[in-house]
Amino acid sequence: VGKNQHKLIATLIGHDGPVWQISWMHPMYGNALASCSYDKKVILWKESDRGQWSKFYTHEVHASSVNSIQWAPPDTGLYLLCGSSDGTVSVLQGSGDDKFSFLMIPNAHTTGVNAVSWAPSHPSGTTLDPSTKDYDVISKRFASGGGDNLVKVWKFNDDKSEWEMEAELKGHNNWVRDVAWAPDTGFTTSTIASCCQDGKVFIWQCKDLDKANWDIKRTMHTFDDVVWHLSWSVMGDILAVSGGDNKITLWKESHKGAWICISKQDTAKTN
């Protein structure tokens, strides 16, 4: 990028079908990214010292399209979530020297996994002061959404070395298209947003993750078309929503608890 111009620096060739998502690895682990595709594969790519991009790992364990991937927050560790239409979630873990192992969650969603989203490294309400004991508490949790109309929360059991379902969030009446766990805002409440084929966006909140007492705080909004994707701002106070109506809308919670649209962009007019 220079003088308001963009320059193509690499074309990454390796997939044999449509590429659904990419996710950048945190730079503390190097300049690398992951991609997932209809071809059932997840490919990890990295940039060499000479600026050349190449694939360094291919993850081929799924029986159907891999729809969603996301790297964990850096404090959680070098983990990559992979959600597939075969109903499973695989969790890759890096061990150094470009080597990875993985754990499989079978039947995560019976009719396919559409979306995955990591929880913040530190549970909501944790004191982020390195001198306190709370600072060492790392939360290995993530949310998933699927074609079974469900949002699920998963937690890693260190004693069993496996992922366990911690909560099953019911409320949607159609396929869950995306889930987004909000960044830690310093409050004691954890928040997940989910969107659905029927156009509804739900806001789920939990005051005590260990008790897994999740509740639908409210239906944030019902759109006229399918809602495909959600994305929280870095501060966790604004939610971006995109859907089949060709629009991107930004939503913020008022001091009275109502969600208000503060901006919108009609993508059809910008093409």
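In the predicted model, 44% of the 271 residues of the protein chain count as buried. The accessible surface of the chain comes to about 14500 Å², and carbon and sulfur atoms contribute 49% of that area. Taken along the principal axes, the box filled by the C-alpha atoms is roughly 55 × 50 × 40 Å. The radius of gyration is 19 Å, which agrees with the value near 18 Å that a compact globule of 271 residues would have. Among contacts with a separation of 6 or more, 44% are made by residues 24 or more positions apart. The secondary structure consists of 20 strands and zero helices.

Four of the strands form an open sheet with antiparallel pairing, in the order S1-S2-S3-S4. Strand S1 (19–24) and strand S4 (53–59) stand at the edges of this sheet; each has a single partner strand, so one side of each is left without a neighbour in the sheet. From one strand to the next, the twist averages 25 degrees. Within the sheet, strand S2 (residues 32–37) and strand S3 (residues 42–47) run antiparallel and are joined by five bridges. In one of the pairs that link them, Ser 35 has Ile 43 of S3 as its bridge partner.

The edge strand S1 contains Trp 20 and Ser 23, which were examined in turn. Trp 20 has a relative accessibility of 43% and therefore counts as partly exposed, a class that lies between the limits of 20% and 50%. Apart from neighbours within four places in sequence, Trp 20 is in contact with Cys 36, Ser 37, Tyr 38, Ser 65, Val 66 and Asn 67. With Ser 65, the side chain of Trp 20 also forms a side-chain to side-chain polar contact of 2.8 Å. The C-alpha atoms of Trp 20 and Val 116 are 13 Å apart in space, although 96 residues separate the two in sequence.

Ser 23, by comparison, has a relative accessible area of 11%; this value is under 20%, so Ser 23 is buried. With neighbours within four places in sequence left aside, the contacts of Ser 23 are Leu 33, Ala 34, Ile 69, Gln 70 and Trp 71. In a regular strand, side chains alternate between the two faces of the sheet.

A further buried serine was found in another part of the chain. Ser 117 is placed in strand S9 (residues 113–118), and its relative accessibility of 4% is under the 20% limit, so Ser 117 counts as buried. Residues up to four places away in sequence not being counted, Ser 117 touches Gln 70, Leu 81, Phe 142, Ala 143, Val 179, Ala 180 and Trp 181. Gln 70 is thus listed among the contacts of both Ser 117 and Ser 23. Of the residues touched by Ser 117, Trp 181 also takes part in a polar approach: its backbone nitrogen lies 2.9 Å from a polar atom of the Ser 117 side chain. Ser 117 and Leu 230 are 113 residues apart in sequence, yet the distance between their C-alpha atoms is 11 Å.

Strand S18 (residues 238–243) and strand S19 (residues 247–253) form a second antiparallel pair, joined by five bridges. In this pair, Ile 238 stands opposite Lys 252 of S19. The two strands make a hairpin with three residues between them. Asn 246 is found in the loop of this hairpin, where it takes a positive phi near 65 degrees. With a relative accessible area of 42%, between the limits of 20% and 50%, Asn 246 is partly exposed.

Backbone angles of this kind deserve separate mention. Most residues other than glycine have a negative phi. Asn 246, which is not glycine, has a positive value, and so does Ser 161, with a phi near 55 degrees. Ser 161 is placed in the loop between strand S11 (151–157) and strand S12 (162–169). At 44% relative accessibility, Ser 161 counts as partly exposed. Both residues with positive phi described here therefore lie in loops between strands and are partly exposed, as shown by the positions of Asn 246 and Ser 161 and by their accessibilities of 42% and 44%.

Key:
Residues are numbered from 1 along each chain as its sequence is written. This is a predicted model: local features need pLDDT of at least 70, side-chain atom pairs count only at pLDDT 80 or more; totals for chains, interfaces and linings use all residues. Side-chain values use heavy atoms; hydrogens and water are left out. Two strands pair if DSSP finds at least two bridges between them. Axes are lines fitted to C-alpha atoms, for helices over the stretch in contact, and angles run from 0 to 180 degrees between N-to-C directions. Buried means under 20% relative accessible area, exposed over 50%, partly exposed in between (1.4 Å probe, protein chains only). Contact means heavy atoms within 4.5 Å. A polar contact is a pair of N or O atoms within 3.5 Å; within protein, one must be able to donate a hydrogen and the other to accept it, and residues adjacent in sequence count only if both atoms are side-chain atoms. The radius of gyration is taken over C-alpha atoms; the globule rule is 2.2 Å times the number of residues to the power 0.38. Accessible areas come from the Shrake-Rupley method with a 1.4 Å probe; for residues, only the protein chains shown count as cover.
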